[in-house]
Amino acid sequence: MDDARPLFQQIAEQIEDSIIDGSLPEESRAPSTNELAAFHRINPATAANGINQLVADGLLYKKRGVGMFVPAGAREKLVERRQEAFGRSYIAPLLAEARRLEMDAEDVKKMIDAWRDDQ
Amino acid sequence: MSVVSLRGVTKRYGDTRAVDDVSFDLHENRIHGLLGRNGAGKSTAMRMLTGQEVPTSGQVRVFGENPYENADVLSRVCFIKESQRYPDIFVARHALEAAAMVFPNWDQDFADRLVEEFRLPLKSRVRKLSRGQLSSVGVIIGLAARAPVTLFDEPYLGLDAVARQAFYDHLIADYAEHPRTIVLSTHLIDEVADIIEHVTVIDRGRIVMDDSSENLRSQAVTVSGPTKAVEQFSDGHEVLHREDLGGFTRVLVSGVPTGRDTASLQVEPVSLQQLVVRTTQFHDAALAGSGNGNGKGNGKGAWS
């Protein structure tokens, strides 16, 4: 845990990643605040903030006395949100670095095609 | 809610103000870091809020009351000192038995598990224990006492990395189950950075930082790159630390400049330890510059 963003946000994002890659399926129980605190060796209040953010975003809900669960439709919602952010998070820095290396968008497209053919 | 408050507290020893007009709060059920260099006034502050010393002036309140000779308040406070002394005839078991009698929330099962884990020889005389074993006596008492206010003043002397990690792991897990107000006073800031929720830094008897860890994390950045670009980027912000090499500069700026060109710059987060060290040095240098210091430190001293 050492990038610049607040810790609770990093915790929330890790759970989001698990929902997206299916390791935390819909209607399954998410890790509890105390489990997260112990695993990441962080203050339980920080872990609780991460969970609360996911609840506010509709990506977790509480079953009384049982724990936090992933609601149906959470994965689709997340994928949509990440797709919207894809340009800003990935394409913009990609093109900025390309420009520094004197490549234009066309060059980058060609590289992507060539790269894909290699796989 | 504040369970401990210091208001305008000063403690004078002869000409030295060990604590100088200090005000801060400890909030209920939070883990606080009380940080600062040796001789900064941390231990003096903790002795006052545990009723072991009386302030020269100012007000100390614990659960709303004066802690001095106040048995009701003190039964709810556990203070683990680096320099804790035990009677010569004590074996380790006696120290734990004494603690079990003093603290109403004492958990014997938990204490037994900790004894096992820290490999504490219960039948050895306390004065024959190694430095690390002596520290583990304190750590075990501090955890198993489950006192509503628990203070650990440099509890680690002689504890190896494995034992320290065990302490942190138990602290997090037990605090999660039994929330209470905890103060960690330590030089090993990186080790506790993600555990403490609130940071108070004392330097030369004065508070130089008092904020939540989350706020502090987003309050400063390290910027490096060509000198000119770095200067443009940090213009108008307080530069806590600066290093130059050829045309290359690295600064630690407080406040995060936004909307500025960062193309040629590397902007990195600052660890809590970095922030505390640089802020302390910054204040030391400012004091030395104004001739206002009380003789301790020279503004560039190493952190230890």
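These are my notebook entries on a predicted model, covering an annotated span, a sheet and a surface patch.

**Entry 1: the annotated span in chain A**
I began with the UniProt record, an unreviewed entry, which lists residues 5-73 of chain A as "domain: HTH gntR-type". I then looked up the make-up of residues 5-73 of chain A and found 51% helix and 9% strand. The C-alpha atoms at the two ends of this span lie 27 Å apart.

**Entry 2: a sheet in chain B**
Next I asked myself in what order the strands of the open sheet in chain B run. Reading across, I got S11-S12-S10-S13, four strands with antiparallel pairing. Strand S11 (238-245) and strand S13 (266-269) of chain B are the edges, as each pairs on one side only. On average, neighbouring strands of this sheet are turned by 20 degrees against each other, direction ignored.

I followed one pair more carefully: S10 (residues 220-226) and S12 (residues 248-254) of chain B are joined by seven bridges. Within this pair, B:Thr222 has B:Leu252 of S12(B) as its bridge partner.

Which helices pack on the sheet? Helix H9 (residues 227-234) of chain B does, touching S10, S11, S12 and S13 of chain B, and its direction makes about 150 degrees with that of S10(B). Helix H10 (residues 272-289) of chain B also packs there, touching S10, S11 and S12 of chain B, at about 100 degrees to the direction of S11(B).

**Entry 3: a patch on chain A**
Last, I went back to chain A and its surface. A:Phe86, A:Tyr90, A:Ile91, A:Leu94 and A:Ile112 form a nonpolar patch there, with about 480 Å² of accessible area together. Helix H4 (residues 74-100) of chain A gives the most to the patch, four residues. I found A:Tyr90 in helix H4 of chain A.

Note on methods: Residues numbered from 1 in each chain as written. Chains lettered and ligands numbered in written order. Predicted model: local features only at pLDDT ≥ 70, side-chain atom pairs only at ≥ 80, totals over all residues. Heavy atoms only, no water. UniProt positions renumbered as here; feature names shortened; annotations may be inferred. Pairing = 2+ DSSP bridges. Axes fitted to C-alpha atoms, helices over the stretch in contact; angles between N-to-C directions. Contact = heavy atoms within 4.5 Å. Patch = residues over 30% accessible without salt bridge, like charges linked within 9 Å, V, L, I, M, F, W, Y side chains within 5 Å. Areas by Shrake-Rupley, 256 points an atom, 1.4 Å probe, with all protein chains shown as cover. Salt bridge = Lys/Arg side-chain N within 4 Å of Asp/Glu carboxyl O.
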